[in-house]
Amino acid sequence: MSRHDDMERMRILRIIVLSIFVVIAARLFYLQLIDNKYKDMARNNVLRHVVVYPTRGEVYDRNGEYLVQSIEVYDFMVVYRELSPDGFDTLRLCETLGISAEKLVRELKNARCTPNIPHRITNFVSKEQKLRLDEYNLRGLYTVSRTARSYPRKIGGNVLGYVSEVTDQDLQRYPSYSKGDYIGVTGVEAAYESVLKGAKGLRIENRDVHGVSRGSYMDGAFDTLPQHGESIVCTIDARLQLFAEELMKGKVGAAVAIEPSTGEILMMVSSPSYDPDELVGRSRGTNYMNMLGDKRQPLFNRTIKSAYPPGSTFKLVQGLIGLQEGVLTPRTTYPCHSGYTSGRVTMKCHAHSSPVNLYEAVATSCNAYFCYVFRNILDNPKYGGVKNGYDVWREYVESFGFGHSLESDFIGEKGGYVPDRQFYDKRYRGSWNSLTVLSMAIGQGELGCTPLQMANLAATIANRGYYYTPHIVRSISGSDSLNNRYTERHYTKVDAKHFETIIAGMWRGVNVSGTSLQARLDGYDVCGKTGTAQNPHGRDHSTFLSFAPRNNPRIAISVYVENGGFGAATALPIASLIEEFYLTGTVERTWLLDAVKNQKIDYPAYDKK
């Protein structure tokens, strides 16, 4: 064979190889750049990672009644790159979801920015809506199950709190949360978020070329189940809470009741309150802004955040300190001629008999008596000066739980205010004495106490000198074990024996003669103390502090009504009716109930335009 023939065969072979290469290249070019069939098949045969949201833990009252439940709702989601090129019936979809076409278009546009990531179009889709959506079989559009809160009793808005979608700030503070998650914002929902929230699960779905789910990938080998949030039993009595909210309706203020033997909060009303269901669902944003614009501030929890002057209820503390310091005895008497006068300083008082001893001073709420007591404490020679005496007095006051947070299980609990000597040194340039701060003798001046602290004072007196940290949760997921800080006794600096004297005066004021006679309940030995707190911006505030029965007390309560006038006029009837309802299970004084419900109080500071 000639050399020429070999070269010819080599040339033919090269042509064949080159032709094969050209055919392969052309086919690849066609498949990759022209024909979309395989691209669509690859795109539509996908694994979709679906978050499985847990059921948030339920909340019960102390008797096992639902306060908060979780109901099933759905988020309507889109993965933009999976949408059918043929589109869908926009009008029908909007009608089914109950949203506007503008919202749908806007959300689809947002989803296009991250086409591979699921994007929520709307939330709070009902079960009925979800079933209709399933019938449409829309590619790239699907529902994700989750739960929303429901409040069967529609009570305790500020106590229970609410949940909301996490904000950017939340995501920075809590890296374990993701966009679209919900978090407790206030009340029990926030304080016990870590146990209520549960843990998310994950389901990996296998989707075919038509976008239809073919079940879990690898038969669920890589799926994880969500963990249900733990349930909580509150200390609240739902019936008592509802009753108290009805009595406080139309009023601005707060009412708190505590079980003295445990520190459990039986009832906690910040008025005005709100229906917690109003902060659930698609109308939540509108309702929230309306509440935010309400000058009476229904979202503000006055029970733990308002620092009110306690008024005459604080005389109980003065009497106890005086007894412990030995500057008076139960039989010590002081005169009252329509008040107390020293030099150019006068503290007025209402008309009553004179002179009075400590029992009578408590019962009649004598201002003059406690001015004498307060000055004798501060001016006690053994302390070598009024400022040292004031420091001693302040230590006593703080031992009752004032001037600092009680460390309850409420996030954002304030500590009120008890000024220190430096405050007065700065205000009066170091020159002040017991007359300068005389208003503190009757719970006025710079003194500020939360309604929770005042109810805790009632519990402390009921216990003869100690209190348990007030708390709102009784147990978690059936466990009766509480945090040790809720079972520890906190003792005041006053001996137990001195409390009997003050309690006798409180009992006298309700059952014999004094300012609290309307609080009497036959057979229950109610002890109480009225208070009228001066208000420089309008009508005085009304407050009442009480516990019952006298021995083995079951309830301690404080009611504070802004602009309510005399303590006996507004706060006392409310507190007394709450005590009657709790102790007897009913209310026989229907005339008093009607009077409280029909009472109208003007609030020009809140309602002026």
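In what sense do β3 and strand β4 (residues 119–125) pair, and over how many bridges? The pairing of β3 with β4 is antiparallel and extends over four bridges, two strands being taken as paired if DSSP finds at least two bridges between them. Helices (H or I, at least four residues) and strands (E, at least two) are DSSP runs, numbered from the N terminus. The model is a predicted one, in which local features need pLDDT of at least 70 and side-chain atom pairs count only at pLDDT 80 or more, while totals for chains, interfaces and linings use all residues. Residues are numbered from 1 along each chain as its sequence is written, and side-chain values use heavy atoms, with hydrogens and water left out.

Within the pairing of β3 and β4, Val 78 stands opposite His 119 of β4. Strand β3 (residues 66–78) is also joined to strand β2 (residues 59–60) by two bridges, and β2 and β3 run antiparallel, with Tyr 60 opposite Tyr 66 in β3. Five residues separate β2 from β3 in a hairpin, in whose turn Gly 64 has a positive phi of about 85°. With strand β5 (residues 141–150), β3 pairs in the antiparallel sense over 10 bridges, and Ile 71 faces Ala 148 of β5.

An open sheet of five strands, ordered β12-β11-β20-β19-β18, shows antiparallel pairing. Because β12 (264–271) and β18 (527–533) stand at the edges with a single partner strand each, one side of each is left without a neighbour in the sheet. Neighbouring strands of this sheet are turned against each other by 5° on average, direction ignored; axes are lines fitted to C-alpha atoms, for helices over the stretch in contact, and angles run from 0 to 180 degrees between N-to-C directions. The edge strand β18 is joined by seven bridges to the antiparallel strand β19 (residues 541–548), where Ser 542 is the bridge partner of Thr 532.

Helix α19 lies across β18 and β19, running at about 80° to β18. Helix α19 (residues 496–511) also packs with helix α13 (residues 315–325) at an angle of about 145°, the axes being 9 Å apart. In this packing, Leu 316, Gly 319, Leu 320, Leu 323 and Gln 324 of α13 meet residues of α19 that include Phe 499, Ile 502 and Met 506, where contact means heavy atoms within 4.5 Å.

For a second helix pair, the axes of α10 (residues 238–248) and α20 (residues 571–584) come within 10 Å and cross at roughly 155°. This angle makes α10 roughly antiparallel to α20, since angles under 35 degrees count as roughly parallel, over 145 as roughly antiparallel, 65 to 115 as roughly perpendicular and the rest as oblique. Among the residues that make the contact are Phe 243 and Leu 247 of α10, together with Ile 578 and Phe 581 of α20.

Two loop residues may also be described. Tyr 603, in the loop between α21 (590–598) and α22 (604–607), has a relative accessible area of 2% and is therefore buried; buried means under 20% relative accessible area, exposed over 50%, and partly exposed in between (1.4 Å probe, protein chains only). Not counting residues up to four places away in sequence, Tyr 603 touches several residues, among them Gly 250, Arg 296 and Glu 562. Thr 450, placed in the loop between α17 (421–427) and α18 (451–462), likewise counts as buried, at 0% relative accessibility. Leaving aside neighbours within four places in sequence, Thr 450 is in contact with Thr 303, Ile 304, Ser 306, Lys 414 and Gly 416.
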